[in-house]
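Here are a few short exercises on cysteines and enclosed space. Take a look at the model, then work through them with us.

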Amino acid sequence: SFKREMSRWQVLASNPEAWVTLCLENHDAPRSLSRFDSEFSPEDEIRVGKMLAVIMATLTGTLFLYQGQEIGMTNAPHSWPAVEYKDVCSINLYEKAQERCKGDSECLATALGDLWKSARDHARLPMQWNSEPNAGFTSKGVTPWMRVHDNYEKKNADLQLRDPNSLLVFWKRMLKLRKEYKDLFIYGHYSLVQTEVKDVFVFIKEETGKKSLTVVNFSDSPKRWQGAASLLGSRFKLLVGTTKSEEDGTLTAWEGRVYLQGS
């Protein structure tokens with residue numbers, strides 16, 4: 001369904017009188033990493049975040065990154081009580097649940113779990129700038145408008161700027177490539193490559209004689225695919241990859257790659 005929806009908008013963008021915007025997150029939606037899986041390990045969060053960056057940075061359109069997406073911010077922890085949700089919609093939904101559940105703890109727990117899946121609050125947690133109190137969002141001793149995520153000391157912009165393998169550094173690299181190859185990635189014509197494996201997403205971008213190939217493994221296990229040689233011929237190079245794996249035709253868990261045709 002993800003491939004189908006992304007492809008639908010890319011086909012629209014091929015119309016000379018049309019244009020599209022690209023985004024996975026905004027102020028009204030849960031965080032993208034948590035939408036795809038709420039139980040990722042810290043290592044898998046980085047791998048999945050890089051995989052998503054490979055997809056989004058090579059699609060046609062105007063790309064938007066929402067604050068915190070570039071460092072892999074996630075939804076608020078499941079353990080947070082309802083009082084931490086500040087959005088009026090969240091408050092109203094939980095008040096209705098309290099009326100319906102009439103003190104039944106199991107019913108209330110289910111309602112809170114349902115609220116967690118769709119709450120707009122997740123994207124409104126304070127930006128995690130550093131490991132200082134309040135994640136550097138506001139001064140020490142000042143209470144921010146919403147609770148800071150519990151993981152801010154291990155996940156913040158300051159730490160990731162100093163880590164060459166971080167998601168933030170990878171996003172900076174992808175955005176640089178997007179500008180360098182803007183004819184392909186920002187304005188290029190998109191075509192979906194049909195695959196036998198539903199978890200593998202493959203698409204080609206073409207523009208003025210240039211061609212690129214994006215391939216990602218949207219799963220936590222290795223996957224086989226047809227390989228770049230079958231789609232680009234014998235002359236191609238790996239422009240960027242999310243892991244050190246370079247075997248043509250095999251993808252590791254959550255791996256993403258971008259190839260360019262030619263030497």
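The exercises below deal with a predicted model, and each comes with a worked solution.

**Exercise 1.** Find which cysteines form a disulfide, and assign its handedness.

*Solution.*
1. Search the whole structure: one disulfide turns up.
2. Check the sulfur atoms of Cys 101 and Cys 107: they lie 2.0 Å apart, and the cut-off for a disulfide is 2.5 Å.
3. Take the torsion about the S-S bond of Cys 101 and Cys 107: the value is about -65°, so the disulfide is left-handed.
4. Look at accessibility: Cys 101 counts as buried because its relative accessibility is 6%, while Cys 107, at 24%, counts as partly exposed.

**Exercise 2.** Explain why Cys 23 has no bond to Cys 89.

*Solution.*
1. Start from the sulfur of Cys 23: the closest cysteine sulfur belongs to Cys 89 and is 19 Å away, so it is too far for a bond.
2. Add the surroundings: Cys 23 is partly exposed at 39% relative accessible area, and Cys 89 is partly exposed with 39%.

**Exercise 3.** Describe the cavities of 30 Å³ or more.

*Solution.*
1. Count them: there are two.
2. Take the largest cavity, with a volume of about 60 Å³. Its lining includes Glu 25, Ser 32, Leu 52 and Trp 171.
3. Sort that lining by class: five residues are nonpolar, four polar and one charged.
4. Turn to the second largest cavity, of about 30 Å³. Among its lining residues are Trp 80, Glu 84 and Asp 121.
5. Sort this lining too: five nonpolar, no polar and two charged residues.

Key:
Residues are numbered from 1 along each chain as its sequence is written. This is a predicted model: local features need pLDDT of at least 70, side-chain atom pairs count only at pLDDT 80 or more; totals for chains, interfaces and linings use all residues. Side-chain values use heavy atoms; hydrogens and water are left out. On a 1 Å grid over the protein atoms alone, a cavity is a set of points where a 1.4 Å probe fits but cannot get out, and a pocket is an open set with protein on both sides within 12 Å along at least five of seven lines; lining residues have an atom within 4 Å of a point. Grid points are joined across faces, edges and corners, and a volume is the space filled by probe spheres set on the points. Ala, Val, Leu, Ile, Met, Phe, Trp, Tyr, Cys and Pro count as nonpolar, Asp, Glu, Lys and Arg as charged, and the others, Gly among them, as polar. Buried means under 20% relative accessible area, exposed over 50%, partly exposed in between (1.4 Å probe, protein chains only).
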